Amino acid sequence: MAKGYLAHKERLEEISGFGKGIGKRAGFACEWCGSKEDLRVWDQQPDLAPGMETLALLCQRCPGAGSLQGVMGSGGD
Ligand SMILES: [Zn+2]
């Protein structure tokens, strides 16, 4: 359990390191609909190592029912 938690935490830290690059790539807007509200970096491939290819900057509406996991806010709330 503790190991899983640590792995999760390390993953989040790794993902947050990509946050700026993802934001720049997306132009600080949702990569699906272009919204600039409630943007978060979403982990699209939780089974793979996090990277620019597997992360996306999306608003909170786009991922719908939550098959994707939001890992960080970019706007402060
Ligand atoms: Zn969107």
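# Exercises on a predicted model

Gly51 has 13 C-beta neighbours inside 10 Å and therefore counts as partly exposed. The structure in these exercises is a predicted model.

**Exercise 1. Where does Gly51 lie, and how far is its C-alpha atom from that of Gly17?**

Step 1. Find the element. Gly51 is in the loop between S1 and S2.

Step 2. Compare sequence and space. Gly51 and Gly17 are 34 residues apart along the chain, and their C-alpha atoms are separated by 9.6 Å.

**Exercise 2. State how many helices and strands the protein chain has, their order, and how confident the prediction is.**

Step 1. Count the elements. The protein chain has 1 helix and 3 strands.

Step 2. Read them from the N terminus. The order is α-β-β-β.

Step 3. Check the confidence. The average pLDDT of the protein chain is 83, and 78% of the residues score at least 70.

Step 4. Look at the extremes among the elements. S2 has the highest mean pLDDT, 94, and strand S3 (residues 69-73) has the lowest, 56. Where pLDDT is low, the predicted coordinates should not be read in detail.

**Exercise 3. Describe how strands S1 and S2 are paired and which way their residues point.**

Step 1. Find the sense of the pairing. S1 (residues 40-43) and S2 are antiparallel, with 4 bridges between them.

Step 2. Identify partners across the two strands. Trp42 is opposite Ala56 in S2, and Val41 has Leu57 in S2 as its bridge partner.

Step 3. Sort the residues of S1 by direction. Arg40 and Trp42 point one way, while Val41 and Asp43 point the other way. These residues of S1 are all buried.

Step 4. Do the same for S2 (residues 55-58). Leu55 and Leu57 point one way, Ala56 and Leu58 the other, and all are buried.

Step 5. Relate this to the general rule. In a regular strand the side chains alternate between the two faces of the sheet.

**Exercise 4. Which residues make up the largest nonpolar core, and which element gives the most to it?**

Step 1. List the members. The largest nonpolar core has 11 residues in all: Ile15, Ile22, Ala26, Cys30, Leu39, Val41, Trp42, Leu55, Ala56, Leu57 and Leu58.

Step 2. Assign them to elements. H1, S1 and S2 are the elements that give two or more residues to this core.

Step 3. Name the main contributor. S2 gives the most, with 4 residues.

Step 4. Set the core beside the whole chain. Of the 77 residues of the protein chain, 19% count as buried. In soluble globular proteins, nonpolar side chains tend to be buried together.

**Exercise 5. Is Leu58 buried or exposed, and what is it in contact with?**

Step 1. Place the residue. Leu58 is in strand S2.

Step 2. Apply the cut-off. A residue is buried if 20 or more other C-beta atoms lie within 10 Å of its own. Leu58 has 24 other C-beta atoms within 10 Å, so Leu58 is buried.

Step 3. List the contacts, leaving aside neighbours within four places in sequence. Leu58 is in contact with Cys30, Glu31, Trp32, Arg40, Trp42 and Pro63.

Step 4. Take another residue of the strand for practice. With neighbours within four places in sequence left aside, the contacts of Leu55 include Ile15, Phe18 and Ile22, as well as Val41 and Trp42.

Step 5. Turn to the chain as a whole. Of the contacts between residues at least 6 apart in sequence, 65% join residues at least 24 apart.

**Exercise 6. What sign does phi have in Phe28 and Asp38, and are these residues buried, partly exposed or exposed?**

Step 1. Locate both residues. Phe28 is in the loop between H1 and S1, and Asp38 is in the loop between H1 and S1.

Step 2. Read phi. Phe28 has a positive phi of about 55 degrees, though it is not a glycine. Asp38, also a residue other than glycine, has a positive phi near 55 degrees.

Step 3. Count neighbours within 10 Å. Phe28 has 13 other C-beta atoms in this range and is therefore partly exposed. Asp38 has 16 and is therefore partly exposed.

Step 4. Look across the chain from Asp38. Leu58 and Asp38 are 20 residues apart along the chain, and their C-alpha atoms are separated by 8.1 Å.

Note on methods. Residues numbered from 1 in each chain as written. Predicted model: local features only at pLDDT ≥ 70, side-chain atom pairs only at ≥ 80, totals over all residues. Buried ≥ 20, exposed ≤ 12 C-beta atoms within 10 Å, placed from the backbone. Contact = placed C-beta atoms within 7 Å. Pairing = 2+ DSSP bridges. pLDDT = per-residue confidence, 0-100. Core = buried A, V, L, I, M, F, W, Y, C linked by C-beta atoms within 7 Å.
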